[in-house]
Amino acid sequence: MSTAESTLRARIRAELPPDAFVRRPLRILLAVPLIGVIVGISAVLVATPLPWYATLLAWAVLGNAYVALMFFGHEVAHGAVVRSERLQNAVLTFSLAIFVVSPHLWRHWHNRLHHGHTNVPGIDPDRYDLLDELGASPRPLRWLTIRLAPGSGHWLSAVYLFVAFTAHAQSVLWHYSRRQPHGRYRFRRALAETALAAAFWIAMAILAGPRGAFDVIAMPMLLANAIVMAYITTNHMLRPLSNSGDSLSTTLGVTTLRSIDALHLHFSHHLEHHLFPSMSHRYYPLVRRGLEAHAGPGYTAPAHWRALLTIYRTPRHYADYDTLIDPRSGERVSLAAVEHRLRAGDQSMGAAA
């Protein structure tokens, strides 16, 4: 962490209420109604053929319930609710199930590698490759990665959001997690938990039948992936690579509708989360106010839709730490220009308001 980031954290922390850093174990019970909604709607979809419009509504509710549960599990795993790792893992098991992700893998992947080394080449699993690294990938994987990436202009990029989280989790399990060992990480445990999650969904699909499997597994899984990835793509993919993992330069928050923000537990406040990862999400709007007051002109939180559109209008791989490149066409875009574009959009929105 840089001196500037440490100073900024200290200033913001001094202005936050003491309650912001206090665990509230009873909040663990939030998982109960979320799981109840998922089970209840799934049971209705399996038992009763619904009109198409009611089915669409049920899919939307299911997808968002899974996303809210995932974001809650993410918060719990950072220690913001309870100290007990057993309770944390219990919540993670449910919150990651629809994505077929191991709780043990998640701790290694997200808490250790990603938060500890954000956008650091060769360590952070959640960033796109430098062009030199891409050349070391097996040719079929390289072909698919380049075309699936948002911003590639290839038709495959249209399905990226719907599959990327689950697909990336498998990549981390079989590749990144084994390249970046950790004393507490156990590959066999992560593999066993992943296999159990997959076996659960296979069993549910057999019991539910083809229609039920499509309604309560396939569609919610695709929608949950899409919603989660609509945030994750904007968190770091428009930011430079770094050897220090400094949050101020590598992480981006976005601004979305208040109702959506509340439903998705303020996951849009992502820089805020990286500065204070073990804080309850309810205080992140206060952290954002602190960033606006103390981070100066270097801070921006563009509209979510604008950041997502920018993701699809710019390449994803890196020519160097500060330049994006399309490996097929050779098109280059500096990240300074991308940030200028995002800031210009924010300024125009402010003027319109």
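## Exercises on a predicted model

R184 touches E85, H104 and R112, once residues up to four places away in sequence are left out of the count. These contacts belong to a predicted model, and the exercises below work from such contacts towards the fold of the chain.

### Exercise 1. Placing R184

Task: State where R184 is found in the secondary structure, and decide whether R184 counts as buried, partly exposed or exposed.

Solution. Begin with the position along the chain: R184 is found in the loop between α8 and α9, where α8 covers residues 160-179 and α9 covers residues 187-236. Next take the accessibility, for which the cut-offs are under 20% for buried and over 50% for exposed, with partly exposed in between. R184 has 48% relative accessibility and therefore counts as partly exposed. To set this loop residue against another part of the chain, consider Y321, which is 137 residues away from R184 along the chain and whose C-alpha atom is separated from that of R184 by 31 Å.

### Exercise 2. Two residues with positive phi

Task: For V100 and N119, find the phi value, the loop in which each lies and whether each is buried or exposed.

Solution. Start with V100, a residue other than glycine whose phi is nevertheless positive, near 55 degrees. V100 lies in the loop between α4 (85-96) and α5 (103-116), and its relative accessible area of 13% means that V100 is buried. Continue with N119, which is not a glycine either and has a positive phi of about 60 degrees. N119 sits in the loop between α5 and α6 (131-134), and with a relative accessible area of 0% N119 is likewise buried.

The surroundings of V100 can then be followed through T194, which touches V100, S102, Q170 and L173 when residues up to four places away in sequence are not counted. T194 is found in helix α9, and because its relative accessibility is 8%, T194 counts as buried.

### Exercise 3. From Y160 to T233

Task: Describe the surroundings of Y160, and then follow its contact with T233 to further residues.

Solution. Y160 lies in helix α8 and, at 6% relative accessibility, counts as buried. Leaving aside neighbours within four places in sequence, Y160 is in contact with Y128, L148, A149, P150, M229, T233, M237 and Y312. Of these partners, A149 is eleven residues from Y160 along the chain, with 6.7 Å between the two C-alpha atoms.

Now move to T233, which lies in helix α9 and counts as buried at 1% relative accessibility. Beyond four places in sequence, T233 touches Y160, L161, L308 and I311. The pair T233 and I311 is separated by 78 residues in sequence, yet by 7.3 Å in space from C-alpha to C-alpha.

L148, another partner of Y160, leads to helix α7 (residues 139-148), in which I146, R147 and L148 are buried. The buried residues of α7 pack against α6, α8 and β1 (317-320).

### Exercise 4. The nonpolar cores

Task: Identify which residues have the most contacts inside the largest nonpolar core, and which element gives the most to this core.

Solution. The largest nonpolar core has 72 residues, and those with the most contacts inside it are F71, F99, V101, W106, W109, Y160 and F165. The elements that give two or more residues to this core include α2 (31-47), α3 (52-77), α14 (304-313) and α15 (335-352). Among them, α3 gives the most, with 13 residues. A second, separate core has 14 residues, including A20, L271, F276 and Y283. As general background, nonpolar side chains in soluble globular proteins tend to be buried together.

### Exercise 5. The whole chain

Task: Compare the radius of gyration of the protein chain with the value for a compact globule, and give the overall features of the chain.

Solution. For 353 residues, a compact globule would have a radius of gyration near 20 Å, and the protein chain, with 20 Å, agrees with this. Its C-alpha trace spans about 55 × 50 × 50 Å along the principal axes. The secondary structure comes to 15 helices and three strands, and 52% of the 353 residues count as buried.

Turn next to the contacts with a separation of 6 or more, 68% of which are accounted for by residues 24 or more positions apart. At the surface, the protein chain exposes about 16,300 Å², of which carbon and sulfur atoms supply 64%. Finally, the chain carries 33 positive and 22 negative side chains, and the centres of these two sets lie 6 Å apart.

How values were computed: Residues numbered from 1 in each chain as written. Predicted model: local features only at pLDDT ≥ 70, side-chain atom pairs only at ≥ 80, totals over all residues. Heavy atoms only, no water. Helix = DSSP H or I, 4+ residues; strand = E, 2+ residues; numbered from the N terminus. Rg over C-alpha atoms; globule rule 2.2 N^0.38 Å. Buried < 20%, exposed > 50% of the residue type's maximum accessible area, 1.4 Å probe, protein only. Contact = heavy atoms within 4.5 Å. Areas by Shrake-Rupley, 256 points an atom, 1.4 Å probe, with all protein chains shown as cover. Lys, Arg positive; Asp, Glu negative; His and termini not counted. Charge placed at Lys NZ, Arg CZ, Asp CG, Glu CD. Core = buried A, V, L, I, M, F, W, Y, C linked by side-chain atoms within 4.5 Å.
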